[in-house]
Each structure stands twice: as C-alpha cells, then as structure tokens.
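Please open the structure below in your viewer, with side chains shown as sticks, and follow the selections in the order given.

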Amino acid sequence: MYSEKFKQLFMYPRYCKDIEYTHTAEVVYPEHGDRVRIFLKIENYIVKDVAFKAVGCPRVIAASEAVCRLVDGKHINDVKLLNEEHVRDEMEFHDKNFTCINAPIEAVKKAITKVE
C-alpha cells in the first residue's frame with residue numbers, strides 16, 4: 001500500500017524541527033484526530049526555512065514532510081499554486097480516499113495569507 005518514498009517521509013522527517021519562524025498556521029481535522037502546524041521563515045517573499053509539527057495518522061505526517069520539501073526555497077506565489085496532486089506525487093501515494101493529505105496544504109496556505 002505504501003511506497004518506499006512514503007515510508008521515508010513518514011519514518012525520517014527532516015522538517016520536523018524547531019526553527020525561528022516569521023509565519024505559522026495550524027489546521028485541525030478533529031474527526032480524524034489530525035493536527036498540523038506549519039512554521040515558515042519568509043524573507044523577500046521567499047520561504048527561507050520551513051518546519052512542521054503534526055499529530056495524527058502516518059499519511060498526515062508524511063504529507064506534512066512532503067509539503068515542507070515542496071515549499072522550501074520557493075517564492076510565495078509558487079506556494080500558492082501547491083495542490084493535493086503535487087503532494088501525492090511527492091509522496092508517491094495516490095489513494096484519494098484519505099483527505100488528511102490536505103491538512104498541511106491548508107496550513108501552509110493559511111500561513112502565507114499573513115505575508116504582506
């Protein structure tokens with residue numbers, strides 16, 4: 001069911017760390033017990049550093065790691081275009097029965113809405 005890439009994202013997340021951040025946001029899916037907080041350090045509209053803290057199923061943790069990998073070093077206009085398919089491709093996980101994949105996407109987009 002899970003690819004090797006998915007297992008690596010879940011078992012060895014390198015973005016689950018503490019950083020000095022400028023923007024943060026949290027999304028909770030209470031019906032599934034998933035909670036994701038994204039931390040961004042943004043300078044000149046570029047994501048200079050990113051991190052996450054997540055509680056929930058393996059899919060939400062792997063998706064949080066995938067989102068961080070996809071947005072690190074990107075301009076916020078590129079981050080705004082991030083979607084579920086990008087994250088599923090990064091995870092090599094295409095089972096659409098699990099909507100928890102969207103929690104970190106929503107969190108990162110919520111965080112960048114605060115960028116002036």
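The tour goes through one helix and then through several salt bridges.

Bear in mind throughout that this is a predicted model. Begin by selecting helix 2, residues 58–71, which has 14 residues and reaches 20 Å from its first C-alpha to its last, close to the 20 Å expected at 1.5 Å a residue. If you colour this helix by relative accessibility, you will find it mostly covered, with eleven of its 14 residues buried. Among the buried residues of helix 2 are Val60, Ile61, Ala62 and Ala63, as well as Cys68 and Val71.

Next, keep helix 2 selected and bring up its surroundings: what covers its buried residues includes two strands, strand 2 (34–43) and strand 3 (46–55), together with helix 1 (4–11), helix 3 (76–80), helix 4 (84–91) and helix 5 (102–112). Then move past the end of helix 2 to Gly73, which follows the helix and has a positive phi, near 85°.

Return now to the helix and select Arg69 with Glu65, whose closest N and O atoms are 3.1 Å apart in a salt bridge. Both residues lie in helix 2, four residues apart, about one turn of the helix. An α-helix has 3.6 residues a turn, so residues three or four places apart point the same way. Is each partner of this pair buried or partly exposed? Glu65 counts as buried because its relative accessible area is 0%, under the 20% cut-off, whereas Arg69, with a relative accessible area of 22%, is partly exposed.

A further stop is a set of linked residues, since salt bridges that share partners join Glu26, Arg35 and Arg37 into one network. Within this network, zoom in on Arg35 and Glu26, where the side chains meet in a salt bridge at 2.9 Å, N to O. Arg35 counts as partly exposed at 41% relative accessibility, and Glu26 likewise counts as partly exposed, at 25%.

For the last selection, take Glu43 and Lys41, whose side chains meet in a salt bridge with an N to O distance of 3.8 Å, which falls within the 4 Å limit that defines such a pair. Here Glu43 is partly exposed, with a relative accessible area of 36%, and Lys41 is also partly exposed, with a relative accessible area of 29%.

Should you wish to continue from here, how many salt bridges does the count come to under this rule? The count comes to ten salt bridges, including the pairs Arg69 with Glu65, Arg35 with Glu26 and Glu43 with Lys41.

Technical notes:
Residues numbered from 1 in each chain as written. Predicted model: local features only at pLDDT ≥ 70, side-chain atom pairs only at ≥ 80, totals over all residues. Heavy atoms only, no water. Buried < 20%, exposed > 50% of the residue type's maximum accessible area, 1.4 Å probe, protein only. Expected span 1.5 Å × (residues − 1). Contact = heavy atoms within 4.5 Å.
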